[in-house]
Amino acid sequence: MMEKSVRPILEMNAFDKQSPHNTNVARRLANTGASSVLFYRDPIEMVSAEGVWMTAKDGTRYLDFYNNVPCLGHSHPAVVAAVSQQLAKLNTNTRYIVPIVDDYLEALKTTFPEPLSNVVLTCSGSEANDLAMRLACKHTGGEGFIVTESAYHGNTSLVTQVSPSALKNTKLPDHVIAIPPPSKKYYGSNIAQGFAERVESAIAQLEQRGIKAAALLLDSIFSSDGVFAEPDGFLKQAVEVIHNAGGLYIADEVQPGFARTGTAFWGFQNHDVVPDIVTLGKPMGNGFPMAGVVTKPQFLDEFCADVGYFNTFGGNPVAAAAGLAVLNEIKNQNLQDNARILGDYLKAGLQKIADLSPHIGEVRGSGLFLGIDICHPNDNNQPDPEVTLAMIDKFRDENILIGAAGAAGATLKLRPALCLTKSEADLFLQAFKKILDDI
Ligand code: PMP
C-alpha cells in the first residue's frame, strides 16, 4: 500500500488554476483542460534554449537544473544538424532498409552486455515500459509486478497501474505491489538485504492473491522516489530474489541512462547486475522523441509468435540520426567523465553547505543526478514539502530551474545537462547557500 503522504508527481509545484492572471495560462487551460501540467504557480513563457540555459520571453536566462532530456545541452548543434539533414533526405517507417537505422542500433548495442542484443525502438518511455511488461508476462506466464512506492513508469493503461506516483485516489490493483524505496530510513544500514527481503515478501503477497510475479520493475536510480544510488551494488540481492521466483528484472533507464550517473553508462551497471529487459527514453534523442526496449532475442521470439509489434514512428531514420549524434557526442565530449567529475564536485559542495543547515537531511545520488532531502529543522526524518516548494520558488527568483521528487515531494532533484561547467555548478551552489541562509 502507498503511504498517505505520497504526492502525485505531476501535482508537485503545479500552476495555480485559481489565478490564471496571465492570458497564456488561461489559453493553455482552455486547450488542454484538466490535463494541463504547467510548472510553477506562476508559469514561465520560454522562447529559446542553449546548453544548460533557457531564455524566457522577458529576456531572463534560467540555469536549467531540471530537464534531463537535453543531455548534451539544449538545441545541441550536432543533433540539430543530424536531424535536419536526415529529415531533408528521408524519413519513413522501419519497413525499408535504411542503413542509418542499423548503424544506430549497432552503436546502441555496444553499450549493453550480452545477452541484451535485440532492440525495439518506440517513441516514448511509456510505450517502452508497456512492451517490457508484456514481454515479461508472456515469458513468465505471470502477471504480478513489484515496483517502488513513488515510482513513475509512464502513462499507458498498463504502465499507469505500476506507477503509484501517477495515481491520485485509486488504489493499486491486486497484481501490483509497491515496496518502500531503497533508503536507509526504511532499511537501516543494510539496504541490499532489507530491500531484497521486501521483494521476497511482495512475491509471497502476490502468491497469496493467486498471482505469479512477472517482474521486478525498477528505475535504476529511483528518480521519482527521491534518488537512491548508494551503496553501489545494493540491487544485486533483490535481482537474485526475483530470478529465483521465476520473475524477470526490468531496468527502467529512462531517467538515469545515457551516462548521467557518471560512474556508468547505464544505472544498472552500478549494481553489477544484468537485467532481462532494459527500457530507455528521455535523453536518447536529446529532445527528439525516441525511446526503446533492449532485451534478449528469446523474449521477442516468444512474444512475436503470438502478437505483432509495429510502431509507425519508432526507429525512424530521423530518430536514428538524433540517437547516433547523442551517442557520438557523449563519447567525443567525454560527457560521462564530466558527469562524474562535476557531479562529485557539486555533491561535495552541497554536502558542505548542508552540514551547516538544519533544513537538510541527506544529499544523495551519483554523477549529475542528485537528490537533497529537505526536512523540518532538527528532525531529519520529517520531510518538509512546504519549505521544498518555497525553495523551488526561491531558486526561480535566482534564475535557476529545479524540481522535487519523493513520497512527500520534499527531495530537491538535480539533473542538469551533462555538459555542465564548474562555473555553472558554482552558480547553483551559491544560490543554494543564499536560499538556505534566507529561510
Ligand atoms: N520511466 C521513467 C523512470 C520516467 O521518468 C518516465 C517519464 N517521466 C517514463 C518512464 C515515461 O516516459 P515518457 O514520458 O517518455 O512516456
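Asn-286 has a relative accessibility of 9% and therefore counts as buried, the cut-off being under 20% relative accessible area. The model in which this residue is described is a predicted one. Asn-286 belongs to the loop between E9 and E10, and its side chain is engaged with the backbone of another part of the chain. The side chain of Asn-286 reaches the backbone nitrogen of Leu-72 at 2.8 Å, while a polar atom of that side chain lies 3.0 Å from the backbone oxygen of Gly-73. Leaving aside residues up to four places away in sequence, Asn-286 touches Val-69, Pro-70, Cys-71, Leu-72, Gly-73, His-76, Val-79 and Val-326.

The loop that holds Asn-286 also contains Pro-289, between strand E9 (277-280) and strand E10 (291-295). Pro-289 has a relative accessible area of 54% and is therefore exposed, since the cut-off for that class is over 50%. The C-alpha atom of Pro-289 is separated by 9.9 Å from that of Gly-323, a residue 34 places away along the chain.

Gly-323 leads to the packing of two helices. Among the residues of H10 that meet H3 is Gly-323, together with Pro-317, Ala-320, Ala-321, Leu-324 and Leu-327. Their partners in H3 are Ile-100, Val-101, Asp-103, Tyr-104, Ala-107 and Leu-108. The residues of this contact divide into 10 nonpolar, 1 polar and 1 charged. Helix H3 (residues 99-109) and helix H10 (residues 317-332) have axes 8 Å apart and pack at an angle of about 40 degrees, in a left-handed crossing.

A second helix pair is formed by helix H11 (residues 335-354) and helix H13 (residues 422-438), whose axes come within 10 Å and cross at roughly 15 degrees. Angles under 35 degrees count as roughly parallel, and H11 and H13 are therefore roughly parallel to each other. The crossing of H11 with H13 is right-handed. On the H11 side, the contact is made by Leu-342, Tyr-345, Leu-346, Gly-349, Leu-350 and Ile-353. These residues meet Lys-422, Ala-425, Asp-426, Phe-428, Leu-429, Phe-432, Lys-433 and Leu-436 in H13. By class, the residues of the contact are 10 nonpolar, 1 polar and 3 charged.

Several loops carry backbone features of note. The peptide bond from Glu-114 to Pro-115 is cis, with omega near 5 degrees, and Pro-115 is found in the loop between H3 and strand E4 (118-122). Another cis peptide bond joins Glu-230 and Pro-231, with omega about -5 degrees. Pro-231 lies in the loop between strand E7 (213-219) and helix H8 (236-244).

In the loop between strand E8 (248-252) and E9 lies Phe-258, a residue other than glycine with a positive phi near 65 degrees. Phe-258 counts as buried at 1% relative accessibility. Ala-259, located in the loop between E8 and E9, has a positive phi of about 80 degrees although it is not a glycine. Ala-259 counts as buried at 0% relative accessibility.

Finally, Ser-36 is placed in the loop between helix H1 (23-32) and strand E1 (46-50). Its relative accessibility is 11%, so Ser-36 counts as buried. The side chains of Ser-36 and Thr-32 are joined by a polar contact of 2.7 Å. A polar atom of the Ser-36 side chain also lies 2.6 Å from the backbone oxygen of Gly-33.

Technical notes:
Residues are numbered from 1 along each chain as its sequence is written. This is a predicted model: local features need pLDDT of at least 70, side-chain atom pairs count only at pLDDT 80 or more; totals for chains, interfaces and linings use all residues. Side-chain values use heavy atoms; hydrogens and water are left out. Axes are lines fitted to C-alpha atoms, for helices over the stretch in contact, and angles run from 0 to 180 degrees between N-to-C directions. Helices (H or I, at least four residues) and strands (E, at least two) are DSSP runs, numbered from the N terminus. Angles under 35 degrees count as roughly parallel, over 145 as roughly antiparallel, 65 to 115 as roughly perpendicular and the rest as oblique. A crossing is left-handed if the near helix is turned anticlockwise from the far one by less than a right angle, and right-handed if clockwise. Contact means heavy atoms within 4.5 Å. Ala, Val, Leu, Ile, Met, Phe, Trp, Tyr, Cys and Pro count as nonpolar, Asp, Glu, Lys and Arg as charged, and the others, Gly among them, as polar. Buried means under 20% relative accessible area, exposed over 50%, partly exposed in between (1.4 Å probe, protein chains only). A polar contact is a pair of N or O atoms within 3.5 Å; within protein, one must be able to donate a hydrogen and the other to accept it, and residues adjacent in sequence count only if both atoms are side-chain atoms.
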